[in-house]
Amino acid sequence: MKFFIDTANLDQIKEAQNLGILDGVTTNPSLMAKEGIHGEDRVRQHYVDICEIVDGDVSAEVISTDFEGIVTEGESLAALHEQIVVKVPMIKEGVKAIKYFSDKGIRTNCTLIFSAGQALLAAKAGASYISPFLGRLDDISTDGLNLIEEIRTIYDNYLFDTEILAASIRHPMHIIDCAKIGADIMTGPLSAITALLNHPLTDIGLEKFLADHAKNK
Ligand code: E4P
């Protein structure tokens with residue numbers, strides 16, 4: 001399973017990269033705004049800065065919602081760095097643009113996936129990744145993990161190459177459950193990733209080992 005971090009915060013990206021487990025980064029317009037990154041030039045430079053930290057794909061989201069706009073913006077984002085994957089919303093114009101990008105060899109991440117039907121369409125159009133938003137479904141009392149399972153079954157039935165990028169991860173159990181189901185990638189906050197490190201028996205065991213070692217001195 002690949003691990004992506006879902007943030008535009010450079011310090012957190014560096015921390016995950018230094019941990020040695022990072023395979024990529026996802027961002028979205030809300031995450032860029034949260035870091036105070038405004039204006040086309042600053043946003044574009046920020047994507048390049050992220051690419052220079054991480055060894056892996058970096059999703060950069062288009063703002064346009066019409067086919068021509070998505071294509072122009074996506075081609076320009078893809079030209080910024082070879083690690084950029086163009087993030088396109090799951091709308092009719094987005095699906096048309098994903099097909100266009102796929103034919104041109106430009107990689108895409110189809111975002112805002114909330115149903116198996118949307119995931120099927122995005123794969124048919126040739127998306128490299130699809131991002132089902134697990135946590136946002138859970139937030140409205142709908143089983144987000146069940147959606148990941150449905151998509152896994154459909155993609156396996158037809159051998160789609162599109163990778164399932166489980167997004168909107170909220171906590172470490174989401175990561176473990178997605179790994180059990182067979183999501184190809186998860187993207188989540190640094191807090192959910194580092195929470196995987198923790199177990200009280202590890203802390204107690206280490207404390208005892210160090211205490212016993214000190215007694216033998
Ligand atoms: C995915 O690429 C999105 O950036 C993200 O996972 C959304 O997560 P949220 O629901 O926590 O905003």
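Author: A residue counts as buried when its relative accessible area is under 20%. Keep that cut-off in mind for this predicted model: of the protein's 217 residues, 47% count as buried.

Reader: What makes Thr 108 buried?

Author: Its relative accessible area is 0%, and the cut-off is under 20%, so Thr 108 counts as buried. You'll find Thr 108 in strand E5. Leaving out neighbours within four places in sequence, Thr 108 touches Val 85, Val 86, Val 88, Ile 98, Phe 101, Gly 126, Ala 127, Ser 128 and Tyr 129.

Reader: And what kind of sheet does the model have, open or closed?

Author: A closed one: eight strands form a barrel in the order E1-E2-E3-E4-E5-E6-E7-E8, and the pairing is parallel. On average, neighbouring strands in this sheet are turned by 30 degrees against each other, ignoring direction.

Reader: How do you know that E6 and E7 pair?

Author: Pairing takes at least two bridges between the strands. E6 (residues 129-132) and E7 (residues 163-166) run parallel and are joined by two bridges, so they meet that requirement. As for bridge partners, Ile 130 goes with Ile 164 in E7.

Reader: Which strands does helix H6 touch?

Author: Helix H6 (residues 116-125) packs on the sheet and touches E5 and E6, its direction making about 165 degrees with that of E5. Over 145 degrees counts as roughly antiparallel, so H6 is roughly antiparallel to E5.

Reader: What about H5, which strands does that helix lie across?

Author: H5 (residues 92-104) lies across E4 (84-89) and E5 (108-113), running at about 155 degrees to E4. With the same cut-off, over 145, H5 and E4 come out roughly antiparallel too.

Reader: Why are H4 and H5 called oblique to each other?

Author: The axes of H4 (residues 67-78) and H5 come within 9 Å and cross at roughly 40 degrees. Roughly parallel needs an angle under 35 degrees, and roughly perpendicular runs from 65 to 115. The H4 and H5 angle fits neither, so the pair is oblique. As for handedness, the crossing of H4 and H5 is right-handed.

Reader: Which residues make that contact?

Author: From H4, it's Phe 67, Ile 70, Val 71, Gly 74 and Glu 75; from H5, it's Glu 93, Gly 94, Lys 96, Ala 97, Tyr 100, Phe 101 and Lys 104. By type, they split into six nonpolar, two polar and four charged.

Reader: How many helices and strands does the protein have?

Author: There are 11 helices and eight strands.

Definitions and conventions:
Residues numbered from 1 in each chain as written. Predicted model: local features only at pLDDT ≥ 70, side-chain atom pairs only at ≥ 80, totals over all residues. Heavy atoms only, no water. Helix = DSSP H or I, 4+ residues; strand = E, 2+ residues; numbered from the N terminus. Axes fitted to C-alpha atoms, helices over the stretch in contact; angles between N-to-C directions. Contact = heavy atoms within 4.5 Å. Left-handed = near helix turned anticlockwise from the far one by under 90°. Nonpolar A, V, L, I, M, F, W, Y, C, P; charged D, E, K, R; others polar. Buried < 20%, exposed > 50% of the residue type's maximum accessible area, 1.4 Å probe, protein only.
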